[in-house]
Amino acid sequence: MTSELSPQEAARGALRAGLPLREGRHEEVAVTANYIHSVISTLRELDFGDTPPASSYRAGQGNA
């Protein structure tokens, strides 16, 4: 498991991506990024078993 993103790390990452943050936004961005990471981590733990990939689904027709 990775550690949480600090406000300073969020600022550096945003700057590296060409998205400089205004002063005072670092904390908000770090909190949001940490929340998104926790949701994605939860989704990765789900067992989809025999669920076919989305590319095999045809809307209105069921599974191909």
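Helices and strands are here taken as DSSP runs, numbered from the N terminus, with at least four residues for a helix (H or I) and at least two for a strand (E). The structure described is a predicted model. In these terms, Ala-59 falls in the loop between strands β1 and β2, the latter covering residues 62-63. Ala-59 counts as exposed, because its relative accessibility is 67% and the exposed class begins over 50%. Between Ala-59 and Leu-19 the sequence separation is 40 residues, and the corresponding C-alpha atoms lie 37 Å apart.

Helix α1 comprises residues 7-16, and Ala-10, Ala-11 and Ala-14 are its buried positions. Viewed down the axis of α1, these buried residues fall within an arc of 100°, and they therefore line one face of the helix. Gln-8 and Arg-16, on the other side of α1, are exposed. The packing partner of the buried residues of α1 is helix α2, which spans residues 26-45. Just beyond the end of α1, a positive phi of about 85° is adopted by Gly-18.

Helix α2 contains 20 residues. The distance from its first C-alpha to its last is 29 Å, close to the 28 Å expected at 1.5 Å a residue. The buried residues of α2 are His-26, Ala-30 and Asn-34. Around the helix axis these residues cover an arc of only 70°, so that they are placed on the same side of α2. The buried residues of α2 in turn pack against α1.

The mutual arrangement of the two helices is described by their axes, which come within 8 Å of each other and cross at roughly 90°. Helix α1 is therefore roughly perpendicular to α2. On the α1 side, the contact is formed by Pro-7, Ala-10 and Ala-11; on the α2 side, the participating residues are His-26, Glu-27, Val-29 and Ala-30. Ala-10 and Ala-11 are also among the buried residues of α1, as His-26 and Ala-30 are among those of α2.

Two residues of α2 merit individual description. Glu-27, located in this helix, is partly exposed, with a relative accessible area of 47%. This value places Glu-27 in the intermediate class because it lies between the 20% and 50% limits. The C-alpha atoms of Glu-27 and Pro-7 are separated by 4.8 Å, although these positions lie 20 residues apart in chain numbering. Both Glu-27 and Pro-7 take part in the contact between the helices.

Asn-34, likewise a residue of α2, has a relative accessible area of 17%. Asn-34 is accordingly classed as buried, since the class extends to values under 20%. When neighbours within four places in sequence are set aside, Asn-34 is in contact with Glu-4 and Leu-5.

Beyond α2, Thr-51 occupies the loop leading from that helix to strand β1, residues 57-58. The side chain of Thr-51 reaches the backbone oxygen of Phe-48 at a distance of 2.5 Å. Thr-51 and Gly-18 are 33 residues apart along the chain, and their C-alpha atoms are separated by 38 Å.

Definitions and conventions: Residues are numbered from 1 along each chain as its sequence is written. This is a predicted model: local features need pLDDT of at least 70, side-chain atom pairs count only at pLDDT 80 or more; totals for chains, interfaces and linings use all residues. Side-chain values use heavy atoms; hydrogens and water are left out. Buried means under 20% relative accessible area, exposed over 50%, partly exposed in between (1.4 Å probe, protein chains only). The arc is that of the directions from the helix axis to the C-beta atoms. Contact means heavy atoms within 4.5 Å. The expected span of a helix is 1.5 Å times one less than its number of residues. A polar contact is a pair of N or O atoms within 3.5 Å; within protein, one must be able to donate a hydrogen and the other to accept it, and residues adjacent in sequence count only if both atoms are side-chain atoms. Axes are lines fitted to C-alpha atoms, for helices over the stretch in contact, and angles run from 0 to 180 degrees between N-to-C directions. Angles under 35 degrees count as roughly parallel, over 145 as roughly antiparallel, 65 to 115 as roughly perpendicular and the rest as oblique.
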